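Please find below my notes on this model, set out as numbered points for discussion. They are meant to be read with the sequence and the coordinates at hand.

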Amino acid sequence: MRNTIYRYFFKEFISTFALILISISVIVWIVQAVNYLDFVTEDGHAFGVYFTYSILNIPKVLNRLVPLVFLISLLVTILKFENNNELLIFWTSGLNKIRLVNFIIIISILVTLFQLFLSLVVTHSSLNIARSILKSSSISLFPSLVKEKKFNDTVKNLTVFVEKKKNSGEMLNIFLRDDS
């Protein structure tokens, strides 16, 4: 019977943990993805590079949120059990409070191992792939590379200065310096 109670508690905790982790991660990821739009507008990379880079940053977001979400989901689960008087049922059925605390410690160790795996393996490799995609991508939008009254050296060994850009796309007083 005790195994059934522990399974029920674990199932409730994991479902709450997954729901909160996914919800908060989507919000944080969208905010970060909006910040990465500079890759397209400022640096001139293609939208495919932008989408790939932002998707490969999801493990980093998950890794940063796991401890906070663990605490929130544990509190929500315990408060839910308390509000439904399920903890009272646990105590009257003979479940020891110390055993429940030990079970929560085991759950926290499992979440810690999950976060270690996520940070050491998944996040590390996905960020390496994201950086290599960004490095190997070519700049596809030349007009976004050139800004008015700024020295632009995005391309290696090439500096571009444009004094004025007209709405028609015409550029006036262009200075180019090629160090290759």
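**Notes on the predicted model**

1. Glutamate 12 and lysine 80 form a salt bridge, in which the closest N and O atoms are 2.3 Å apart. The pair joins distant parts of the chain, since glutamate 12 belongs to helix α1 and lysine 80 to helix α4 (residues 58-83), with the two positions 68 residues apart in the numbering. A search of the whole structure finds one salt bridge, and the reader should bear in mind that this is a predicted model.

2. Are the two partners of this bridge buried or exposed, or do they fall in between? Glutamate 12 counts as buried because its relative accessibility is 11%, and the limit for that class is under 20%. Lysine 80, by contrast, counts as partly exposed, because its relative accessibility is 34%.

3. Glutamate 12 also takes part in a second interaction, this time through its backbone: the backbone oxygen of glutamate 12 lies 2.9 Å from a polar atom of the side chain of threonine 16. Threonine 16 lies in helix α1 and is buried, with a relative accessible area of 14%. When residues up to four places away in sequence are set aside, threonine 16 touches Ser73, Val76 and Thr77.

4. Turning to helix α3 (residues 47-55), the buried residues there are Val49, Tyr50, Tyr53 and Ser54. They lie on the same side of α3, because the arc that they cover around the axis is only 120 degrees.

5. The surface carries a nonpolar patch formed by Phe10, Ile14, Val101, Ile105, Ile106, Ile109, Leu110, Leu113, Leu116, Phe117, Leu120 and Val121, which together have about 1100 Å² of accessible area. Helices α1 (2-35) and α6 (97-136) each supply at least two residues of this patch, and the largest share, 10 residues, comes from α6.

6. Why can isoleucine 109, as one example from the patch, be classed as partly exposed? Isoleucine 109 is found in helix α6, and its relative accessibility is 46%. It is therefore partly exposed, since that class lies between the buried limit of under 20% and the exposed limit of over 50%. The value also agrees with membership of the patch, because patches are made of residues with over 30% relative accessible area.

Key: Residues are numbered from 1 along each chain as its sequence is written. This is a predicted model: local features need pLDDT of at least 70, side-chain atom pairs count only at pLDDT 80 or more; totals for chains, interfaces and linings use all residues. Side-chain values use heavy atoms; hydrogens and water are left out. Patches are made of residues with over 30% relative accessible area and no salt bridge: like charges are joined within 9 Å, nonpolar side chains (Val, Leu, Ile, Met, Phe, Trp, Tyr) within 5 Å. Accessible areas come from the Shrake-Rupley method with a 1.4 Å probe; for residues, only the protein chains shown count as cover. A salt bridge is a side-chain nitrogen of Lys or Arg within 4 Å of a carboxyl oxygen of Asp or Glu. Helices (H or I, at least four residues) and strands (E, at least two) are DSSP runs, numbered from the N terminus. Buried means under 20% relative accessible area, exposed over 50%, partly exposed in between (1.4 Å probe, protein chains only). The arc is that of the directions from the helix axis to the C-beta atoms. A polar contact is a pair of N or O atoms within 3.5 Å; within protein, one must be able to donate a hydrogen and the other to accept it, and residues adjacent in sequence count only if both atoms are side-chain atoms. Contact means heavy atoms within 4.5 Å.
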